[in-house]
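Biologist: Could you take me through this model? I would like to start with a single residue and then move out to the whole assembly.

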Protein chains: 4
Amino acid sequence: MNELRVGMVGHAFMGAAHSQAWRAVNRFFDLPLRAHMTALCGRDANRAAAAAEKLGWASYETDWRVLVERDDIDLVDICTPGDTHAEIAIAALRNGKHVLCEKPLANTVAEAEAMAEAAASAPGVRSMCGYTYRRVPAVALLARLVAEGRVGRVHHVRAAYLQDWLVDPATPMSWRLSAERAGLGALGDIGSHIVDIVQHLTGERITGVSGLTETLVPERPTVDGGTGQVTVDDAAIFLARLTGGALATFEATRFATGRKNALRVEINGSAGSLAFDLERLNELEYYDASRPSGENGFTRILVTEPDHPYLAAWWPPGHLLGYEHGFTHQARDLIEAIATGVQPRPSFADALDVQLVLDAVARSHGEWIPIPERRP
Amino acid sequence: MNELRVGMVGHAFMGAAHSQAWRAVNRFFDLPLRAHMTALCGRDANRAAAAAEKLGWASYETDWRVLVERDDIDLVDICTPGDTHAEIAIAALRNGKHVLCEKPLANTVAEAEAMAEAAASAPGVRSMCGYTYRRVPAVALLARLVAEGRVGRVHHVRAAYLQDWLVDPATPMSWRLSAERAGLGALGDIGSHIVDIVQHLTGERITGVSGLTETLVPERPTVDGGTGQVTVDDAAIFLARLTGGALATFEATRFATGRKNALRVEINGSAGSLAFDLERLNELEYYDASRPSGENGFTRILVTEPDHPYLAAWWPPGHLLGYEHGFTHQARDLIEAIATGVQPRPSFADALDVQLVLDAVARSHGEWIPIPERRP
Amino acid sequence: MNELRVGMVGHAFMGAAHSQAWRAVNRFFDLPLRAHMTALCGRDANRAAAAAEKLGWASYETDWRVLVERDDIDLVDICTPGDTHAEIAIAALRNGKHVLCEKPLANTVAEAEAMAEAAASAPGVRSMCGYTYRRVPAVALLARLVAEGRVGRVHHVRAAYLQDWLVDPATPMSWRLSAERAGLGALGDIGSHIVDIVQHLTGERITGVSGLTETLVPERPTVDGGTGQVTVDDAAIFLARLTGGALATFEATRFATGRKNALRVEINGSAGSLAFDLERLNELEYYDASRPSGENGFTRILVTEPDHPYLAAWWPPGHLLGYEHGFTHQARDLIEAIATGVQPRPSFADALDVQLVLDAVARSHGEWIPIPERRP
Amino acid sequence: MNELRVGMVGHAFMGAAHSQAWRAVNRFFDLPLRAHMTALCGRDANRAAAAAEKLGWASYETDWRVLVERDDIDLVDICTPGDTHAEIAIAALRNGKHVLCEKPLANTVAEAEAMAEAAASAPGVRSMCGYTYRRVPAVALLARLVAEGRVGRVHHVRAAYLQDWLVDPATPMSWRLSAERAGLGALGDIGSHIVDIVQHLTGERITGVSGLTETLVPERPTVDGGTGQVTVDDAAIFLARLTGGALATFEATRFATGRKNALRVEINGSAGSLAFDLERLNELEYYDASRPSGENGFTRILVTEPDHPYLAAWWPPGHLLGYEHGFTHQARDLIEAIATGVQPRPSFADALDVQLVLDAVARSHGEWIPIPERRP
């Protein structure tokens, strides 16, 4: 079988998740290409070597510029902070490498636009942004049911991504709290997920927003005993309208005490409703308004049946999947797209759409900001 | 025992709920006054007589002006649509009657201001607005825990009141869909509840809002076979800031398919979180951040213990209460306030605060509207 | 309207619940007879007088023998401990009074047989045993769905009634812990409910059992500072077979730490499943096996719709009922049965069937005991 | 690093799960030995070769007798039906191979006894039975909390393993429905899990049982168009007592319509309660009776914190694990045990204890069967 030779840049949390995906994908899915974990790239040679050994990569590099030029690499998988995405991705694309880039696509709209343009100008090369939660089976089922018209016209969307790891003021600074490295805070890191998921699930665009952001704890200790300035938002809330007229509320926060990783989305339409919570990622709640009122209610679908998205490859009904499986499904879909020459989604253009919304929210301060349509 | 002689205006849904409260209150609570269901008032004599018989009132009137002047009435209980509240309440207060007025207090800020002024100018007379959900035991427990500092500084509030009885475009017109009778739509009817409950639970005021409202189905059949214009909102969403700096999201809608009466409120603070859903009104979810992380999570408190608010009067632990009990607790607290000469809450002034927020949301169209402080 | 003049014996927990039912029933339901709370009976004159005043009864008696002979009493409502049921009920029936008797019907099979015989021999007189949970709307809906064939052939039943009020060894003695007064312990008090509800819901009889009972804390303090012997079971578990062949498990305990009043029943059949928990008494879980597997699961029915049993009389959808409403529904159904001359259920004969099962469990000690069919 | 060279017999459902464990274990856990997937064994050469390729084994064999004698194999991992366990395991042990054997240990008590004896007589060789659910983090946390005394004296256990894949009479015959291959039906396949988990979690033994088993659909179509006899139970229910006196109920069934893989266990003790459901395997419900009653209830612990068992190796808080992770944890613990020379649990002796209970249930027919203590 032909191989898809992967070079991965970055080897922290995301690097581990992506490694597990490349390692497992061909063991469960029958695919036209076999992923080969060719090289891992990290700036520190010792740490890169150790990571390659631990995570199972055949070699390592310390300079991504070298990696993106290696002849034995077909795909560059970017798992670094947002400030490096544009440079790496554009170089890789220019070298004819397929690219999988972690989300958010970039730290600024300008960078994202340049990346989308580079992607559009690279014939025969596939690029994809890692909004992995689209590939959680329950989310994919949700998308399928909406696409089949099961909720009818969308009236309401409520989306929230709730975490609590910054509630304690003693939690130290990290690159995620620096505007220079991360661009935005909760808004960019987790708010981006709910913007992508809502536009994906409804098949509609956000046409305007009104939002508030807040840095609740502006100074934090650094690991070296000093004090660091938090230069990004800790939390963001915003209202939006969708192209079809629906009203939507959004919230992204790292201060929702007790909520660990609660990405929640609920869609209410003229024919039904669907609700999802990432803290119960194997479940989907579905209300079908066409059922008799005397026996109607929200149905808790345990999304582990063979006719659910991706599930035929895994275990019998009732046997749960976890967080990492979304990455395996992402790898599966990307391999399929590369092998068949189809544009994978979310494309860099899709991810630019997310960026336009985040940028508007960051500028809103409670006022209404229309979202421009991206240039075709 | 001395009696508190009640005259009730209106005898529909709210009239039935209030009647059950007056009927039951002294059977479960030991109180200094006994409620007497003296007179019911309705415009149609036959229907008023039948309602008085069915609901257990000793007499009936057809003109509220007569009722508010009857010597044998101590308290006027107003259960009519919002356009009549101001006139009846002010007349009753001027006649020295205590007043319990259904929510929202009025259809306009001007009316609400006049009512609050009349209440302030009626010495020895008690007035109260019927934001009954404050008296659901789980909500009262939530308020107690917040007041005890159990959530610490409030960072986030998310409040929603979700119903679905207007999703079907064939659902006919009613007075609740007419701006003339109801003032506002979902925003006034159910949005008012969540504004009141958030200000009550946090002990903070909303200082500004940005909101959107929408009439999703603008025309509906009338019961006589014609077509009526819906002149109020079907749904409203808004962002807010509280005096303490917290970020809050609000949603009030009659189009949340599958959600029947889901008044939900969640508060995240520096020391803990609390969450409530009226569809499970005997439960409160509590996260206490001071517990060890290895055994922490949201605790589902079944609010049926004797040391929970109001519960000692009812059944053994684990025996649930229902919707109507909030009204009985409201009657209990109002009787206590009248007997002891204390201002009951929510006062008309508290209810005016709600009105100021609703008015700002209705005018916002996505732009930021600061909420003026009511004059002291 | 004609009256149904009620005399109630006993005025503790059950007396308060029954009083609320008689007080409310005609206020919500249109019925051919109006309940009149004529007399309450208690052994201590002062306490009986105070109870009559508090609970709203027009008079009181101190001897039930007098009550059951009063000409102005149509129905005797027995709310006393089990050791007195047989004597009072049989006397009332012989005097031509209708009888509502709290559960379990009696402390022994012999007493229950005598009562069932007395009931059968009293022409024109109605008798009913107070297995009230049949009248919780969700339970009534469950029964309706089973009767309509929605679960098909019943394969499994699991029933449990879990409380925890005896876990603390310092909880004092009460009449409920004395074999002389209560007959059985958890088995009789709450086990009886699940036996009745399972036979009622399935329409089948239990044909044999194997059970274990246990007294986990055999001595407890008495209120006067002494020590009392617990002479009943604290907990009972048993297996059973139903006439249709289904396998059933039962558990009744006052030692299920953290479970306050969890009467749970689940039925699995060839066509579907239904599950109920009294701690969420407004909900019913329904799995309809005929739905497509890709969107199937348990549907949480919020049993508050007008087409649900009893609900049209109450509040709009989504407005919950509580524990006490089952008693109001029981009063409603009993009044209807008396007015129309139909035998109300559960009859004394139905309640005798329960008694036969409890008796077998108490004698089983882990061995199989077939349940005799009661004589026709 | 030294290797642990694994040879796996069988490559169906369990073979895939074990393969994923051997593949992933060293990528997440720092261990003294590295697993090497040396050889897979299956009777059909083509299918074995394809499986080795798909699942990632370096070679394959078609005769387990060859496999257990290969010098380059350190551990034999038995994933075949129960009728072959004894022969393979005993041969492997005699050859000085470590053994991991799928559950239930054997089809008969005699076989299990022979295996336990062979394990005890193989010095320096480790053996373990694959009751994997012990290694679900929430179950491991449950065990830890019980061991710490957090539930106090155990009063009640209720355990159920509910599936529904046989409800449809058209579901075809399989080896799992044949007494010859599988020994027992639901009782052996899934009932064994709950017997093991209860004895493990409580640290107590079952001292006697009374049970019923049933074959609800005795004939099923075969894949070749014929009809096969189901010679095992479809469902089993039983009562038990534990050494400490607790009362326990058990149910294992493949006919619980709508329940896909609901292994549920709840323990009620004098100091608290714990409840688990495999359909929500990342959650544990904990009731701590020492908390104030006014704020007490079951706490839903999301078992994804770094101080939870096994979790430090995986993802940040709130990121869920799935079914397969239990196998990885099993591999981790077995590797540690082999490297450090400690007996891993569950040992073959532990698994024999399970077998003794299953055997008693199968013979009970509703009568009480004491469980003999296994010979030391």
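Modeller: In this predicted model, E219(A) is in contact with T227(A), G228(A), Q229(A) and V230(A), leaving aside its neighbours within four places in sequence.

Biologist: Which element is E219(A) in?

Modeller: E219(A) belongs to strand β9 of chain A, which covers residues 219-221.

Biologist: Is E219(A) buried or exposed?

Modeller: E219(A) is exposed, because 12 other C-beta atoms lie within 10 Å and a residue counts as exposed at 12 or fewer.

Biologist: And what separates E219(A) from D333(A)?

Modeller: Their C-alpha atoms are separated by 42 Å, and the two residues are 114 apart along the chain.

Biologist: Let us change to chain A overall. How many helices and strands are there in chain A?

Modeller: Chain A has 10 helices and 17 strands. Its C-alpha trace spans about 65 × 50 × 40 Å along the principal axes.

Biologist: What radius of gyration does chain A have, against that of a compact globule?

Modeller: Chain A has a radius of gyration of 21 Å. A compact globule with 376 residues would have one near 21 Å, so the two agree. Buried residues account for 64% of the 376 residues in chain A.

Biologist: What share of the contacts in chain A join residues at least 24 apart?

Modeller: That share is 69%, taken among contacts between residues at least 6 apart in sequence.

Biologist: How is chain A divided into domains?

Modeller: The domain assignment gives domain 1 (2-132) and domain 2 (134-370). The C-alpha centres of these domains of chain A lie 23 Å apart.

Biologist: How many residues are in contact between domain 1 and domain 2 of chain A?

Modeller: In chain A, 38 residues of domain 1 are in contact with 40 residues of domain 2. On the domain 1 side, the elements that give two or more residues are α1 (13-28), β2 (33-41), β5 (98-101), α5 (109-120) and β6 (127-129) of chain A.

Biologist: Which of them gives the most to that side?

Modeller: α1(A) gives the most, with 8 residues. By class, the side of domain 1 of chain A that touches domain 2 has 25 nonpolar, 9 polar and 4 charged residues.

Biologist: Now a helix in chain B. What span should α9 of chain B have?

Modeller: Helix α9 of chain B has 16 residues (325-340) and should span 22 Å at 1.5 Å a residue. The end C-alpha atoms of α9 are 22 Å apart, so the expected span is met.

Biologist: How many of the residues of α9(B) are buried?

Modeller: 12 of the 16 residues are buried, and α9(B) is thus mostly covered. Among the buried residues are H325(B), F327(B), R332(B), D333(B) and I338(B).

Biologist: What do the buried residues of α9(B) pack against?

Modeller: They pack against β1 (2-9), α1 (13-28), β2 (33-41), β5 (98-101) and β6 (127-129) of chain B. Just after α9(B), G341(B) takes a positive phi of about 75°.

Biologist: On to the chain pairs. What relates chain B to chain A?

Modeller: A turn of 180° with a shift of 0.0 Å along the axis lays chain B on chain A, with an RMSD of 0.0 Å. E367(B) comes closest to the rotation axis of the residues of chain B, its C-alpha being at 2.2 Å.

Biologist: How many residues does each chain bring to the contact?

Modeller: Chain B and chain A bring 32 residues each. The elements of chain B that give two or more residues to its side are β7 (154-162), β8 (206-214), β11 (235-242), β12 (247-253), β13 (262-269) and β14 (272-277). The chain B side divides into 13 nonpolar, 14 polar and 5 charged residues.

Biologist: Why do you say that the copies meet through the same surface?

Modeller: Because 100% of the interface residues of chain B are also interface residues in chain A.

Biologist: And which rotation superposes chain C on chain D?

Modeller: A rotation of 180° with 0.0 Å of shift along its axis does so, at an RMSD of 0.0 Å. That is the relation of a two-fold axis. In chain C, the C-alpha nearest the axis belongs to E367(C), 2.3 Å from it. Between these chains, 32 residues of chain C are in contact with 32 residues of chain D.

Methods: Residues numbered from 1 in each chain as written. Chains lettered and ligands numbered in written order. Predicted model: local features only at pLDDT ≥ 70, side-chain atom pairs only at ≥ 80, totals over all residues. Least-squares fit on C-alpha atoms with pLDDT ≥ 70 in both. Contact = placed C-beta atoms within 7 Å. Helix = DSSP H or I, 4+ residues; strand = E, 2+ residues; numbered from the N terminus. Nonpolar A, V, L, I, M, F, W, Y, C, P; charged D, E, K, R; others polar. Expected span 1.5 Å × (residues − 1). Buried ≥ 20, exposed ≤ 12 C-beta atoms within 10 Å, placed from the backbone. Rg over C-alpha atoms; globule rule 2.2 N^0.38 Å. Domains from an automatic or database assignment.
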